[in-house]
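Me: I have a model open and want to go through it piece by piece. Please keep the replies short.

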Amino acid sequence: MKFSLQQIADLIGGIVEGDTSAEVWDVAKIEEGKPGSISFLSNPKYEPEVYRTEATAVVVAKDFTPSQPISASLIRVEDPYVGFTQLLEAYAQQKSMAVSGIEEPSFLGEGSQVGDGHYRGAFSYIGKHCTIGNNVKIYPQAYIGDNVHIGDNTIIYSGAKIYADCVIGARCVLHAGAVIGSDGFGFAPQKDGTYKTIPQLGNVVLEDDVSVGANTTIDCATLGSTLVKQGTKLDNLVQVGHNVEIGKHTVMAAQVGIAGSATIGDQCMFGGQVGVGGHITVANGSKVGAQAAIPNDVKEENKNWLGSPIQPMRENIKSLMVFKSLPDLSKRVKQLEQKVLTLRDS
Amino acid sequence: MKFSLQQIADLIGGIVEGDTSAEVWDVAKIEEGKPGSISFLSNPKYEPEVYRTEATAVVVAKDFTPSQPISASLIRVEDPYVGFTQLLEAYAQQKSMAVSGIEEPSFLGEGSQVGDGHYRGAFSYIGKHCTIGNNVKIYPQAYIGDNVHIGDNTIIYSGAKIYADCVIGARCVLHAGAVIGSDGFGFAPQKDGTYKTIPQLGNVVLEDDVSVGANTTIDCATLGSTLVKQGTKLDNLVQVGHNVEIGKHTVMAAQVGIAGSATIGDQCMFGGQVGVGGHITVANGSKVGAQAAIPNDVKEENKNWLGSPIQPMRENIKSLMVFKSLPDLSKRVKQLEQKVLTLRDS
Amino acid sequence: MKFSLQQIADLIGGIVEGDTSAEVWDVAKIEEGKPGSISFLSNPKYEPEVYRTEATAVVVAKDFTPSQPISASLIRVEDPYVGFTQLLEAYAQQKSMAVSGIEEPSFLGEGSQVGDGHYRGAFSYIGKHCTIGNNVKIYPQAYIGDNVHIGDNTIIYSGAKIYADCVIGARCVLHAGAVIGSDGFGFAPQKDGTYKTIPQLGNVVLEDDVSVGANTTIDCATLGSTLVKQGTKLDNLVQVGHNVEIGKHTVMAAQVGIAGSATIGDQCMFGGQVGVGGHITVANGSKVGAQAAIPNDVKEENKNWLGSPIQPMRENIKSLMVFKSLPDLSKRVKQLEQKVLTLRDS
């Protein structure tokens, strides 16, 4: 997609200084600007870059006074950072939402309905009796099983898989390879040492504005629903077990694992590779550092946690400080023992 | 799929009290029952729910005497929990095994044979010279490379990938996005600091009744076979390196990683995010807690392990207890040193 | 693929002793040799196996003198290990590079160009305006978004996904389910407790000879490029965040996670499940043990690290030794306190 500088100035409420008909098709950091790209100057530290950038255009402050000649055209706005952010959002919106229509071959099962403005990429699969909202973008090789419901403006990237009976809200994003609704890990040990599979008959419900990272897996409930509430964001390679419930506006970094039937509160933040045990409840607003393990309920809200198993963050940091000098501590205890022996003998 | 209450009663050996021709098409917890669903009452604690459930039918004990009117139809059986479990199993069986036939387009390579009762979803791919048993269900976008053998009644969910030459047993389940037979991670360091790829020519063998979770990866052997023995269950996002051997009826939770050439015994249980080093042997019946690391051989059978690196579970718990109070211990050692100094000086 | 023993002898510079026209189609360990397979004898320890192997042929040393009759044909070479390795490499090369041509249906977007000798498997997808080099092998169900560039001799296995605008070098290997260019995990917290998505407009650049494991995920940059430099090898289920830069000839084992904007040096080696914090710099030649966490910059080159958080390896091992005996240390401190009390009272 190409835009003229005038189009961009209109979009972000700015004034072009230079060639209004020049076109750009890429955004770049100012130090990496190439012909055809647009950049911005907000932090004065980067001012020297504006004199040597090869970018076609730079968004600058209304009152910016160059001290040297500039080859790029300028677009002057009140706040260049805000203006550039508006531009990025408009560009991203267009990039992800621009696709529409149906590429063939693609598969649409009987009794399924798809709303207006949708995209169905080649080799995408929609099962039977699905209801799919308006402006839903289904990329190539995505899979949607039978009886799935998907809300408006949701994006399903290439190769994401949604098992039968799952419910996906509006404005959700499922990245490539995400798996929604795979069987929960339920096996009942038998007397002969083998395992019997416990049927997994529930589904997964993602509320509105949920984001699911690439190759993240969310298991269906044994009965009922595994639930991810509104606005929650899961990074890549996260594991969510069967019957888990994750609250609203919670953020989990990559490779977090949540065991079955755990309940995570609203507004939590988990660092990468955190593990949560089965049937655990974690209070609202909990902030948990990377690689931590949560084996028991967290009942107090809005606290910071660290460690495997977790401790209050400050306590864990203090314990880790001593841990690093344990060989010294051990030596000092040995010396004390010898001194005390000497004292007793004296 | 809809079932009449009479059909269900016949299936689980019960007697209908109410409308035998009423139909249900879903199973639900009693407190979440909706018209069209069937539930069960086993624990007396939940008796109040039976009087307000909207479920169409509830499975109850033979001798259950209601103390209030019930709108749902009842199905009376000897043991409601057992009866309901039978029902779930029959339902799950039907749900996963009901699909059959061939959706187009799908790809079948020359010289490949597929047994009776199979399902091949749209955009599924079967390479050359494969032998695939009866009742195998291959979901849309699954990939099966050349010369693969798959036993009867195995289910390959959407987007699972099986590289050439692998062998999959009977009654296995491969969840969406699982990868079987990718190249082992073998690179020989060269004098100039680069790496040369070591050819990976072996395969993966999954014996009967093996379950592989969503997006789990099992690498092929360098030579010979990476082997997962009968009845073993791997959860989602598990990594199994090249030339690994995992015994019978072993269970591994999500995000476990097993490095190349490790040998894991029968009847082991690993918690989530456990790591096992390369060329390590882990004895039969080992139980390993979440996030543990196994850097050396585990020779004693049937023991519980915890920690990174592992210790016997009780010892690790005791060490962790002291770890939490390390700042205090450190302070006490400092005080002792001062006191001992005072004593010597006195 | 079948080869006559004469063909193999020509390939590795050997002399056949036996039936030169006998054919083999598999390689095997000598103790697992079956008719149709070729093996080798290098370590004298395995000599007894050569007398009972069922392999069709065995590669042996020029001067090997059997002490018993051997049913297999022999191929005599200077160094059997080197000869066998040459054979494996030739076989692996043929196996992965032998495929060519186009299987239908496959999708090729307008304005995209694909070089000579390529393979495009069924249900593979190539978007618009892509440039794809010679001898590139694109397996079934692989996805390549718009404007992607791929160098010569690269292999994209089944179901790997490359988002729009990414650049993949020559001789790269992307294993099944790998995701290149998914959105970085960027969400700006708002005053009302919700999160706003930060547009992710950059791409991923993989230089030449990079290997990406099965189901590994590499996020695109917010702006600019997430960069993996020449010759670097990533194992399965690795997470690489947005704007990360990984140096040349670095090796990362499975399930490593690198948070956004981290910079990893050349020639590093990371064990499995290592985590690296955001915006961290790790010096060239760093060797980091499994499950370690790197929360701060590593400035010294070529050092060994271990622990969560990391310490120099030897120090961590010493601290872990004391950790295991912490209950004893704690008890000894208590005893000292009592003794010192007694001494003061005496």
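**Cavity, confidence and fold**

Reply: About 130 Å³ of space lies in the largest cavity. A cavity is a set of points, on a 1 Å grid over the protein atoms alone, where a 1.4 Å probe fits but cannot get out. Its volume is the space filled by probe spheres set on the points, which are joined across faces, edges and corners. This is a predicted model: local features need pLDDT of at least 70, side-chain atom pairs count only at pLDDT 80 or more, and totals for chains, interfaces and linings use all residues. Residues are numbered from 1 along each chain as its sequence is written, chains are lettered from A and ligands numbered from 1 in the order in which they are written, and side-chain values use heavy atoms, without hydrogens and water.

Me: Which residues lie nearest the centre of the largest cavity?

Reply: The search of the whole structure finds one cavity of 30 Å³ or more. Its lining (residues with an atom within 4 Å of a point) counts 16 residues. Those nearest the centre are A:Gly159, B:Gly159, B:Gly177, C:Gly159 and C:Gly177.

Me: What is the mean pLDDT of chain A?

Reply: pLDDT is the predictor's confidence in each residue, from 0 to 100. In chain A, 99% of residues reach 70 or more. The model scores ipTM 0.90 and pTM 0.91. The mean pLDDT of chain A is 94.

Me: How many Å separate the centres of domain 1 and domain 2 of chain A?

Reply: Domain bounds come from an automatic or database domain assignment. For chain A it gives domain 1 (3–97) and domain 2 (102–317). Taken over C-alpha atoms, the separation of their centres is 39 Å.

Me: Which strands stand at the edges of the open sheet in chain B, and why is one side of each left without a neighbour?

Reply: Strands are DSSP runs (E, at least two residues), numbered from the N terminus, and two strands pair if DSSP finds at least two bridges between them. The chain B sheet has five strands in the order 2-7-6-5-4, with mixed pairing. Each edge strand has a single partner strand, so one side lacks a neighbour in the sheet; the edges are strand 2 (15–17) and strand 4 (26–27) of chain B.

Me: What angle does helix 1 of chain B make with strand 7 of chain B?

Reply: Helix 1 (residues 5–12; helices are H or I runs of at least four residues) packs on the chain B sheet. Helix 1 touches strand 2, strand 5, strand 6 (57–61) and strand 7 (73–77) of chain B, where contact means heavy atoms within 4.5 Å. Axes are lines fitted to C-alpha atoms, for helices over the stretch in contact, and angles run from 0 to 180 degrees between N-to-C directions. The angle is about 15°.

Me: Which residue of strand 30 of chain C stands opposite C:Leu227?

Reply: Strand 24 (residues 203–206) and strand 27 (residues 225–228) of chain C pair in the parallel sense over four bridges. There, C:Val205 stands opposite C:Leu227. Strand 27 also runs parallel to strand 30 (residues 245–246) of chain C, joined by two bridges. In strand 30 of chain C, the residue opposite C:Leu227 is C:Glu245.

Me: Where does A:His129, with its positive phi, lie?

Reply: Most residues other than glycine have a negative phi. A:His129 is not a glycine, yet its phi is positive, about 55°. A:His129 lies in the loop between strand 12 (125–126) and strand 13 (131–132) of chain A.

Conventions. On a 1 Å grid over the protein atoms alone, a cavity is a set of points where a 1.4 Å probe fits but cannot get out, and a pocket is an open set with protein on both sides within 12 Å along at least five of seven lines; lining residues have an atom within 4 Å of a point.
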